[in-house]
Amino acid sequence: MSETNMLVLRLSVLLTALSMSIFLVSSSSSAAHRCFCQVTGNLDDCACDVETIDAFNNDQLYPKLQKLLESDYFRFYKVNLNKPCPFWVDNSQCGLRDCAVKPCSPNEVPEGIKSSNHNKYSADANKQLDNCEKAEHLGAVDVSLSEQTKEALLDWNKHDDEAERFCVADDEQSPDSQYVDLLLNPERYTGYKGPEAWQIWNSIYEENCFKPYSIKRPLNPATLHSSTGSEARIFYSWLEGQCVEKRAFYRLISGLHASINIHLSARYLMDDNWSQRKWAHNSSEFQQRFDSELTSGEGPKRLRNLYFLYLIELRALAKALPFFQQLSFQLYTGQPEQDQEHKDLLLEILQLANSFPLHFDETSLFAGDETEAAELKEGIRLSFRNISRIMDCVGCFKCRLWGKLQTQGLGTALKVLFSERQIEALPTSNVQRPTFKLSRQEIVSLVNAFGRISTSIKEIKNFRSLLEEVR
């Protein structure tokens with residue numbers, strides 16, 4: 001980060017901290033204080049603080065990121081919303097009109113995105129790579145291998161790629177996979193709630209966060225009626241006794257849950273009549289989800305976990321910079337001038353992310369005995385893959401779309417974070433085989449998922465202002 005940018009960031013942090021101090025003194029009984037009383041200061045297991053993230057995101061990164069997400073490459077996401085739930089029989093598909101997703105017609109998607117060479121390279125780079133591969137590899141393969149063996153090799157390559165992934169990706173070649181315009185299908189409150197929605201989060205927390213069934217999660221809707229009030233104390237005592245990796249995993253899931261709740265509160269249907277439908281901030285809904293008095297103290301903890309999630313995904317973007325800097329990589333849509341402009345903007349954002357002064361140190365994870373660390377990492381990878389599969393059980397299609405995208409984005413961030421050696425070994429020419437790969441689906445989900453987290457951080461500032469006068 002340049003000295004000027006560093007000075008601007010420090011000044012923004014000081015101003016943010018000052019405004020928070022004034023806010024805490026003057027509004028100790030306000031709803032804003034009850035929601036944000038813990039959303040300040042240093043974060044656990046990190047060298048960073050809330051104020052630095054607020055200043056960096058809101059003043060520097062957020063505006064650039066929103067512009068990038070409006071580009072064709074990042075607005076079209078291919079997804080299969082018709083996969084059956086793999087864990088339980090679910091016939092409770094949401095009938096509310098706001099749950100519906102409108103897929104793209106074929107002529108709405110740029111040809112470059114639909115073509116076979118959009119994945120990572122421009123057409124020219126693909127041609128050069130294909131010629132090199134044909135000259136050095138394909139001739140021998142065609143002569144010596146049967147079609148059956150070639151298919152087996154392709155399956156092995158797919159298996160190797162799956163082994164690196166922290167989430168289950170949709171088969172983009174499936175006839176059930178369709179392109180969706182994310183700008184025309186925004187994440188917002190749909191009315192999907194109740195036992196079906198609770199079942200999704202209960203399955204995530206109770207079965208995939210390494211928690212024994214004897215430890216009760218605070219504010220679990222399934223057990224709220226029999227709560228004794230001591231669950232929180234017992235739960236957090238248990239959590240603090242876990243290794244840093246398992247604590248981090250829980251905080252990531254909690255942060256993702258908080259982020260989604262912020263989005264639903266920020267884009268809420270406030271007026272629905274024959275003349276208009278108005279979506280706006282719903283302060284009461286936000287309070288229900290985060291006010292310490294209404295959530296037995298849980299809401300502010302969840303908001304802090306959002307900042308931890310932000311640091312993890314920000315670090316992944318910074319680590320991915322060398323991959324996107326490759327000359328062969330293009331945001332290929334078939335519109336050369338726009339594609340280059342958007343790649344330049346992407347690199348500007350990634351370089352800004354790389355300049356962040358207080359990154360999360362991922363080397364603190366899986367740092368013990370190699371065998372034990374490998375087993376722990378595989379357990380976490382499989383748990384997160386399970387969570388990505390649970391998204392196919394969400395009854396609301398709009399919620400399923402954004403749930404799948406955000407879990408895939410976080411899974412891709414984890415893949416990037418723990419592929420440092422592969423990224424460092426990326427080839428310098430097209431003749432060499434790449435040591436690290438990201439599909440277009442992974443790239444779109446990675447950047448959009450971080451866009452959602454970045455938006456949540458921005459919305460926290462908006463809700464602070466809205467709730468300052470609420471008692």
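**A tour of buried salt bridges and cavities**

Start by selecting Lys-211, which counts as buried at 7% relative accessibility, because the cut-off for buried is under 20%. The model on screen is a predicted one. Keep Lys-211 selected and add Glu-206: the two side chains meet in a salt bridge, with 2.8 Å from N to O. Glu-206 is also buried, since its relative accessible area is 14%. This pair is one entry in a longer list, as a search of the whole structure finds 24 salt bridges.

**Arg-75 and Asp-181**

Next, select Arg-75 and Asp-181. Their side chains form a salt bridge of 2.7 Å, N to O. Which parts of the chain does this pair link? Arg-75 sits in helix H4 (residues 72-75) and Asp-181 in strand E2 (residues 177-181), so the partners belong to distant parts of the chain, 106 residues apart. Both Arg-75 and Asp-181 are buried.

**Lys-404 and its network**

Move to Lys-404 and show Asp-392 with it. The side chains of these two residues meet in a salt bridge, again listed from N to O, at 2.7 Å. Lys-404 belongs to helix H16, while Asp-392 lies in the loop between helix H15 (370-390) and H16, 12 residues apart. Are these two residues buried or exposed? Lys-404 and Asp-392 are both buried. Now add Lys-83 and Asp-170 to the selection: together with Asp-392 and Lys-404 they are linked in a network of salt bridges.

**The second largest cavity**

Leave Lys-404 and Asp-170 displayed, because both are among the residues that line the second largest cavity. Its volume is about 80 Å³. To see the rest of the lining, select Tyr-77, Val-79, Cys-167, Val-168, Ala-169, Ser-388, Met-391, Thr-407 and Gln-408 as well. Colour by element of secondary structure: strand E1 (76-80) and H16 each give two or more residues to this lining. H16 supplies the largest share, three residues. By class, the lining divides into six nonpolar, three polar and two charged residues.

**The largest cavity**

The search of the whole structure finds five cavities of 30 Å³ or more. About 120 Å³ of space lies in the largest of them. To find it, select Ala-248, Leu-252, Leu-365, Leu-414 and Phe-418, which are the closest to the cavity centre of the 13 residues that line it. Then show helix H10 (244-266), helix H12 (298-319) and helix H16 (397-417), the elements that give two or more residues to the lining. Which element gives the most? H10 does, with four residues. What classes of residue form this lining? There are 12 nonpolar residues, no polar ones and one charged.

**Arg-165**

Finish at Arg-165, in the loop between helix H7 (147-164) and E2. Arg-165 counts as buried because its relative accessibility is 11%. Add Glu-442 to the selection and check the side chains, which are joined to each other by a polar contact of 3.2 Å. For the wider surroundings, leave aside the neighbours of Arg-165 within four places in sequence and display Arg-381, Arg-385, Lys-415, Ser-439 and Glu-442. Arg-165 is in contact with each of these residues.

Definitions and conventions:
Residues numbered from 1 in each chain as written. Predicted model: local features only at pLDDT ≥ 70, side-chain atom pairs only at ≥ 80, totals over all residues. Heavy atoms only, no water. 1 Å grid on protein atoms, 1.4 Å probe; cavity = no way out; pocket = protein on both sides within 12 Å on 5 of 7 lines; lining within 4 Å. Points joined across faces, edges and corners; volume = space filled by probe spheres on them. Nonpolar A, V, L, I, M, F, W, Y, C, P; charged D, E, K, R; others polar. Salt bridge = Lys/Arg side-chain N within 4 Å of Asp/Glu carboxyl O. Buried < 20%, exposed > 50% of the residue type's maximum accessible area, 1.4 Å probe, protein only. Polar contact = N/O pair within 3.5 Å; in protein donor to acceptor, adjacent residues only side chain to side chain. Contact = heavy atoms within 4.5 Å.
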